[in-house]
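Open the model in your viewer and keep the selection box handy. We will go from one selection to the next, and each stop says what is there.

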Amino acid sequence: MSRPEEILPPDLFYDDSESRKYTTSSRIQNIQSEMTHRALELLQLDSPSLIIDLGCGSGLSGEILSSISSADGGPHVWIGMDISASMLDIALQRDVEGDLLLSDIGQGVPFRPGSFDAAISISAIQWLCNAESNEVNPQGRLSRFFNGLYASLRRGGRAVCQFYPKNDAQRSMITSAAIKAGFGAGILEDEPGTKNLKYYLVLTVGGGEVQGDITGVVKNMRDVDVQDARRRSGFAGKKGERKGSKAWIVRKKEQMERKGKVVKASTKYTGRSRRRVVF
């Protein structure tokens with residue numbers, strides 16, 4: 001059975017009919033509720049917060065954010081982003097409390113730096129891994145998304161993205177893009193080894209003094225993969241780099257990729273001096 005993101009882009013797949021079917025399904029509502037509450041548990045918000053809901057759809061997750069009691073740290077104020085006009089139209093018909101923005105998260109998160117206390121995304125970011133044409137670069141879309149998200153969160157803020165990667169390569173591509181953007185990143189697996197397996201990407205901004213578990217939320221949890229970008233050799237600095245050297249060229253290419261540009265792959269000839277022939 002084909003995955004939805006392999007059939008059509010999300011703005012075309014979720015037309016009026018599909019959006020209505022998705023929103024009215026009791027099965028979908030229950031799953032969405034379960035995953036949203038799990039994401040809130042991982043966010044660990046102890047007071048009312050401003051949250052960006054990325055890929056908010058028809059507002060199923062947003063309704064839960066608005067309904068959290070004061071005893072549990074709510075209610076939260078939220079802004080939803082989605083690329084499907086049909087989904088947002090249904091959200092308006094349902095009179096959800098959050099503000100809604102028709103926008104493609106693969107083009108970034110268009111808010112001022114430090115606008116949000118937290119971010120949530122349910123079953124959305126795997127859509128960024130698909131290319132509908134040669135002009136679409138999944139790495140570039142992921143880069144723009146995570147760089148925009150990182151900037152929009154306040155220092156110390158957190159994000160939880162529940163997603164369904166197609167394979168380990170997609171999981172790695174998503175996690176690597178988050179780490180390159182500067183996040184502390186950990187992946188939590190719920191119900192591993194079953195058909196109900198769910199992945200939660202837990203992200204934190206700032207907190208350079210934290211050691212080891214940089215997400216601060218996955219300590220002692222099982223089936224968690226914690227990756228610390230600050231310990232990677234690539235962040236050691238540029239000391240000793242010569243302009244035009246292979247290391248310099250590779251670093252420049254990585255910078256361009258993070259900006260969403262398409263660059264040629266490096267080869268054994270990258271940075272190698274060319275012999276000049278004079279006639």
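## Stop one: strand β7 and its neighbours

Start by selecting strand β5 (residues 153-163) together with β7: 6 bridges join the two, and they run antiparallel. Keep in mind as you look around that this is a predicted model. To find one rung of this pairing, pick F163, whose bridge partner in β7 is Y199.

Now add strand β6, residues 184-190. It also runs antiparallel to β7, and 7 bridges join the two. Zoom in on G184 here, and you will find T204 of β7 standing opposite.

Next, hide the neighbours and keep β7 itself, residues 198-204. How many of its residues are buried? The count is 7 of the 7, so the strand is largely enclosed by the rest of the structure. Colour the two faces separately to see how this works out: K198, Y200, V202 and T204 lie on one side, with Y199, L201 and L203 on the other, and both faces are covered.

## Stop two: helix α4

Select α4, residues 60-67. Here 6 of the 8 residues are buried, so this helix too is largely enclosed by the rest of the structure. To highlight the buried ones, type in L60, S61, G62, I64, L65 and S66.

What covers these buried residues? Bring back the surroundings and you will see that the cover includes the helices α2 (16-24) and α3 (26-43), along with the strands β1 (50-54), β2 and β4 (116-122).

## Stop three: out to S70

From α4, follow the chain into the loop that leads to β2 (77-82), and stop at S70. Is S70 buried or exposed? Its relative accessible area is 64%, so S70 counts as exposed. Then select D46 as well and draw a C-alpha to C-alpha distance: it comes to 9.0 Å, although S70 and D46 are 24 residues apart in sequence.

## Stop four: where α2 meets α3

For the last stop, return to two of the helices that cover α4. Show α2 and α3 alone: they pack at an angle of about 65°, and their axes are 5 Å apart. That angle makes α2 roughly perpendicular to α3. For the side chains at this contact, select Y22, T23 and T24 on α2, then S26, I28, Q29 and Q32 on α3. Colour them by type and the contact divides into 2 nonpolar and 5 polar residues, with no charged ones.

How values were computed:
Residues numbered from 1 in each chain as written. Predicted model: local features only at pLDDT ≥ 70, side-chain atom pairs only at ≥ 80, totals over all residues. Heavy atoms only, no water. Helix = DSSP H or I, 4+ residues; strand = E, 2+ residues; numbered from the N terminus. Buried < 20%, exposed > 50% of the residue type's maximum accessible area, 1.4 Å probe, protein only. Contact = heavy atoms within 4.5 Å. Pairing = 2+ DSSP bridges. Axes fitted to C-alpha atoms, helices over the stretch in contact; angles between N-to-C directions. Parallel < 35°, antiparallel > 145°, perpendicular 65-115°, else oblique. Nonpolar A, V, L, I, M, F, W, Y, C, P; charged D, E, K, R; others polar.
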